[in-house]
Amino acid sequence: MANVRLKNITKRFGSVTAVNNVCLDIPHGKVTALLGPSGCGKTTILLMLAGIYKPTEGEIYFDDLQVNGIPPQLRNVGLVFQSYALYPHMTAFENIAFPLKLKKLPKAEIQKRVEEIAEVVQIGDLLDRKPGQMSGGQQQRVALCRALVKKPDLLLLDEPLSNLDARLRLETRAEIKRIQQELGITTILVTHDQVEAVTMADQVAVLKAGVLQQYGTPKELLEQPANLFVASFLGDPPMNLLQGELEYQEGRCYFRSGRSLRLPVPPLAAKGLQKSPGQKLILGIRPEHLTITWERGRAPWRGKVFLVEFLGRDKLLDFRFGDQSLRVLVPATFPVERGEVLGIEPQVEHLHIFDPQTGLALTGPPEGLRACSDHEPA
Amino acid sequence: MQDAYTLEAKAKRRRARKKAVQRALVGYTFLTPASAIMIFFIFIPVAMAFYLSLFEWDLINPMRFVGLKNYARIFKSQDFFIAVRNTFYFVGVQLPLDFCISLGVALLLNQKIRGLSFYRTVFFTPVVTATVAVSAVWMWLYDPFDGLLNYLLSFVGLGPYRWLNDPKMAMLSVIIMSVWKGLGYNVVLFLAGLQNIDPSLYEAAAIDGATPRQQFWYITLPQLSPTMYFVLIMGVINSFKVFTQIDVMTPGGGPLKSTLVIVYLIYQQAFNSFRFGEASALSVLLSLFILLLTLLQRLFLEKRVHYN
């Protein structure tokens, strides 16, 4: 098992910078997710950890060992490819046994270890089949076995759930988590799906265009997004973002957007703000942190229901204020019709305020940004 | 009521049948050009060869039915066994050489190199050049007196060799030229096969601890086996049919019949001796032999081919 440390890692392909000065401390025995939209450099980081790519700049450490120049076969990492990359001409058993066969272990030992890991991943009945005769989910389990059988220090998963259907995805998510905990192996997974990252990982690193945006626990990322990108990328349904400006009245600070939205900014949140009236801001609040109130007169905001979306357990109400929309999550049993006028009350402790220029959060300490002390998010 | 019902059903069936006939007609019409070519230029000639092999015929006198006499005569002739031995020599040397060299070249070209299409073109040019032209050029190269090959070899103290005029070397000379000419075809096939291999298999193998040599052994070879199988089958068929370069470079069967191969014998029987019956019988034997070899290859090799 190893602590993994990326120090100022940059990777360029020709003139394209895929990964830009990323620092990460990945704790041992935990699951860390690299999250971001496609092309953000997350898979590049994974392949650098595996040793398939070499970083253009910076250093990678496994514990205290600098591994930049160490080829993949000597790193003792297990990698599950997005496409699984099982050897099509070998049976599941031969696939799993392959890393051990290359180590020239005795046959009996190989047999024992393959059966052991097949037991853990529960694919004992598939060992005679070739990849072509297995479903996507089964292939993935075999790929996972192949990665785990050599008892790697580090398990790397590239989009482990993306090729599975919705049902299987839930199942596999739990399964991977169970196996990881059973073996206590340091795991890094790459995903573009924030739900996947939040549910599976202990730590999430959010990347955009090769730059680390924020690194922290899922809770930190959801509650204290460091910038607009993280705020809008994580959370389902996504965070409401309203454009507006600051206004001062009788010594109190308000956020105003258009004519109909005016909201007192809590003193705690206002502390970090420069007290300049008219300052442009973006206010963020998650749909679950807005409540509908019947006392319309007292409610800070009032709006007409524009759209009702039924999500199963919840309903998502869409209000429109001018060209801005505000979504509110209510229980599915909540009686509401389209066109109704309702009062909306935000939970002010969950307000986020962002600078529209830099996108940085202006409220709350950016505690999540402890990935790298000398690193400034873009 | 029932009558009306059955009448209507009958009419319905008739209409359906008419429609089916129409559809079939349209389909066969589309098939006509291709099937006409195949019938007139492949099926009928093949049947004719079988038929002719039972007759004596010199194009001028009427055909005379002789049963299996042509075959009996073939098995009694010395030339037939010389031709069989020479053909086996050609196939046995040319095919493995061609296979190994083209695989090697394809592996080299499969590296990330600049100007891949240039090299591909270079290797493919001999394939599309007329065999007669290529043979003529190689005859100059092989010239015992002022040929380029002897000239070059003289610098390393070898030769001079008599190449095509030497009974011991004539076949080998033809083989060298044939390998050179046929190489590009297999190179292109092997390259396509190599480039079809999923690169993530190599990444996976590297992570699993495979050295480049092991990656070749455990990934490249099995993944390339369908291509190798195809190249081998086609190679056997084509090598057994070798004729043009033999005819141009070593006319008359070469020095001491050293390059007399089966197809050349067929040619001699038909167009020099006007024994069309015997030539046809030889053709029949050759096709049966190639068929047998192909079946044997399928029997023994196909199960070792990994289709994805």
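Trainee: How many salt bridges does the rule count over all chains?

Mentor: This is a predicted model, and the count comes to 18 salt bridges over all chains. The rule asks for a side-chain nitrogen of Lys or Arg within 4 Å of a carboxyl oxygen of Asp or Glu. One case is R178(A) with E182(A), where the closest N and O atoms are 2.8 Å apart.

Trainee: How many residues apart are R178(A) and E182(A) in helix 5 of chain A?

Mentor: They are 4 residues apart in helix 5 (residues 166-183) of chain A, so about one helical turn separates them.

Trainee: How many salt bridges does the rule find across the interface of chain B and chain A?

Mentor: It finds 2 across that interface. In a salt bridge between D208(B) and K150(A), the closest N and O atoms are 3.7 Å apart. For polar contacts, the count between chain B and chain A is 7 residue pairs, with both residues at pLDDT 80 or more.

Trainee: Which helices of chain B supply at least two residues each to the side that touches chain A?

Mentor: Helix 8 (199-207) and helix 9 (212-240) of chain B each do so. Helix 8 of chain B gives the most to that side, with 7 residues. Sorted by class, the side of chain B that touches chain A has 9 nonpolar, 6 polar and 3 charged residues.

Trainee: What area do chain B and chain A bury between them?

Mentor: Begin with the residues in contact: 18 come from chain B and 22 from chain A. The two chains bury about 1700 Å² between them, and 64% of that lies on carbon and sulfur atoms. Of the area that chain B buries against chain A, 40% is supplied by I207(B), D208(B) and Y218(B), more than by any other three residues. D208(B) is also the partner of K150(A) in the salt bridge already described.

Trainee: Now the sheet. What is the strand order in the open sheet of chain A?

Mentor: Read the order from one edge to the other. The open sheet has 5 strands in the order 13-12-11-14-20 (chain A), and the pairing is antiparallel.

Trainee: Why is one side of strand 13 and of strand 20 of chain A left without a neighbour in the sheet?

Mentor: Strand 13 (261-264) and strand 20 (352-354) of chain A stand at the edges, and each has a single partner strand, so one side of each has no neighbour in the sheet. Neighbouring strands of this sheet are turned by 40° against each other on average, direction ignored.

Trainee: How many bridges join strand 12 of chain A to strand 13 of chain A?

Mentor: There are 4 bridges between strand 12 (residues 252-257) and strand 13 of chain A, and the two strands run antiparallel. To locate the pairing in the model, find S257(A), which stands opposite L261(A) in strand 13 of chain A.

How values were computed
Residues are numbered from 1 along each chain as its sequence is written. Chains are lettered from A and ligands numbered from 1 in the order in which they are written. This is a predicted model: local features need pLDDT of at least 70, side-chain atom pairs count only at pLDDT 80 or more; totals for chains, interfaces and linings use all residues. Side-chain values use heavy atoms; hydrogens and water are left out. Two strands pair if DSSP finds at least two bridges between them. Axes are lines fitted to C-alpha atoms, for helices over the stretch in contact, and angles run from 0 to 180 degrees between N-to-C directions. Contact means heavy atoms within 4.5 Å. Buried area is the accessible area (1.4 Å probe) that two parts lose on being put together, summed over both. A polar contact is a pair of N or O atoms within 3.5 Å; within protein, one must be able to donate a hydrogen and the other to accept it, and residues adjacent in sequence count only if both atoms are side-chain atoms. Ala, Val, Leu, Ile, Met, Phe, Trp, Tyr, Cys and Pro count as nonpolar, Asp, Glu, Lys and Arg as charged, and the others, Gly among them, as polar.
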